[in-house]
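Me: I would like to learn how to read the features of a structure like this one, going from single residues to packed elements. Could we work through it slowly, with the general idea before each case?

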Amino acid sequence: MNSAPTKPSLLWPILALLVALAAGLVAYQLSRDNAPSPYARLGGDFSLLSSEGEVALADFRGKWVVVFFGYTSCPDVCPTSLAMLGQALKQLSAEEQAQLQGLFISVDPARDTPQKLKQYASYFHPSLLGITGSEEQINQVTRAYGAFYRQVPMQESALGYAVDHTSSLYVIDPAGKLVGTLQHGLSAEQIRDALRQRLQGS
């Protein structure tokens with residue numbers, strides 16, 4: 001009596017497919033891990049002026065630095081962002097705050113003197129440092145960090161002009177490298193948690 005022909009097993013093709021998929025996932029993850037940071041070409045040292053004199057990013061080596069570009073006459077974005085940052089800092093412990101430095105860089109040097117910046121920045125948090133420089137210096141810093149600003153004429157206003165500008169917070173690690181941004185609109189708690197995560201991972 002002849003036996004029925006044996007059907008080829010489907011097990012091996014399935015196993016081979018699973019192995020190929022697993023290898024592909026591993027290769028994809030490795031490529032992501034080794035991919036350059038989107039901020040690798042941005043950032044860098046700079047030196048600007050505060051009410052106490054020259055301030056350089058290099059002065060804060062060993063600390064995390066959070067930078068915000070804005071101006072004191074800003075009607076809404078700047079006070080909102082700085083208020084959220086100030087509240088976030090206040091919600092951190094004293095030890096955590098000691099590892100952070102906030103910098104408010106004015107993109108309106110014609111109106112924002114170092115003394116005016118000191119008073120404005122300290123309103124949001126006592127450690128927040130207001131700095132600015134010449135138009136050329138501001139242009140160099142904003143270009144280096146991928147930020148932007150431009151004056152917008154306001155003929156009907158006593159101010160004469162407003163300044164459109166980037167509204168993100170720029171996060172710089174203790175080695176002076178830009179490692180990320182925090183978008184405008186985050187709550188104080190979200191900023192606090194993001195900064196705390198950075199501190200705990202450093």
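Me: Where in the chain is the place of Gln99?

Reply: In this predicted model, Gln99 sits in the loop that runs between helix H3 (94-97) and S4. Its relative accessibility is 28%, and because buried would require under 20% and exposed over 50%, Gln99 counts as partly exposed.

Me: Which residues does Gln99 touch, not counting residues up to four places away in sequence?

Reply: With those neighbours set aside, Gln99 touches Lys63, Trp64 and Leu199. The last of these is a contact across the sequence, since Gln99 and Leu199 are 100 residues apart along the chain, while their C-alpha atoms are separated by 7.7 Å.

Me: How do I put such a contact in the setting of the whole chain, and what percentage of contacts between residues at least 6 apart in sequence join residues at least 24 apart?

Reply: For the protein chain that share is 70%. The chain itself has six helices and nine strands, and buried residues account for 37% of its 202 residues.

Me: Let us take a strand residue next: is Ala162 buried or exposed?

Reply: Ala162, whose place is in strand S7 (residues 160-165), is buried, with a relative accessible area of 18%. Leaving aside neighbours within four places in sequence, Ala162 is in contact with Tyr71, Arg150, Gln151, Val152 and Met154. For one of these partners, Val152, the C-alpha separation from Ala162 is 5.1 Å, with the two residues 10 apart along the chain.

Me: Now for helices: how should I describe two that are packed together, and at what angle do the axes of H2 and H6 cross?

Reply: Two packed helices are described by the angle between their axes and by the distance between those axes. Here the axes of helix H2 (residues 77-91) and helix H6 (residues 188-201) come within 8 Å and cross at roughly 55°. That angle makes H2 oblique to H6, and the crossing of the two is right-handed.

Me: Which residues in H2 and H6 meet?

Reply: From H2 the residues are Met84, Leu85, Gln87, Ala88, Leu89 and Gln91, and they meet Ala188, Glu189, Ile191, Arg192, Leu195 and Arg196 in H6. Sorted by character, the residues of this contact divide into seven nonpolar, two polar and three charged.

Me: Could we look at one residue there, and ask what Arg192 touches, not counting residues up to four places away in sequence?

Reply: Arg192, whose place is in helix H6, touches Ala88, Gln91 and Leu92 when those neighbours are not counted. The C-alpha atoms of Arg192 and Ala88 are separated by 4.6 Å, although the two residues lie 104 residues apart along the chain.

Me: Finally, I would like to read ring geometry, so how many aromatic pairs does the structure hold?

Reply: The structure holds seven aromatic pairs. In one of them, Phe104 and Tyr120 are 5.6 Å apart, centre to centre, with 35° between the planes, and the pair is tilted. The pair links distant parts of the chain, with Phe104 in strand S4 (residues 100-106) and Tyr120 in helix H4 (residues 114-124), 16 residues apart. Phe104 counts as buried at 0% relative accessibility, and Tyr120 is buried too, with a relative accessible area of 17%.

Me: Why is the pair of Tyr123 and Phe124 edge-to-face?

Reply: Planes over 60 degrees apart count as edge-to-face. The planes of Tyr123 and Phe124 stand at 85°, so the pair takes that label, with the ring centres 5.2 Å apart. Tyr123 is exposed, having a relative accessible area of 67%, whereas Phe124 counts as buried at 9% relative accessibility.

Me: Which residues do ring pairs link into a cluster?

Reply: The cluster consists of Phe68, Phe104, Tyr120, Tyr123 and Phe124, linked by ring pairs.

Notes. Residues numbered from 1 in each chain as written. Predicted model: local features only at pLDDT ≥ 70, side-chain atom pairs only at ≥ 80, totals over all residues. Heavy atoms only, no water. Axes fitted to C-alpha atoms, helices over the stretch in contact; angles between N-to-C directions. Helix = DSSP H or I, 4+ residues; strand = E, 2+ residues; numbered from the N terminus. Parallel < 35°, antiparallel > 145°, perpendicular 65-115°, else oblique. Left-handed = near helix turned anticlockwise from the far one by under 90°. Contact = heavy atoms within 4.5 Å. Nonpolar A, V, L, I, M, F, W, Y, C, P; charged D, E, K, R; others polar. Phe/Tyr/Trp six-rings, centres within 6.5 Å; stacked < 30°, edge-to-face > 60°. Buried < 20%, exposed > 50% of the residue type's maximum accessible area, 1.4 Å probe, protein only.
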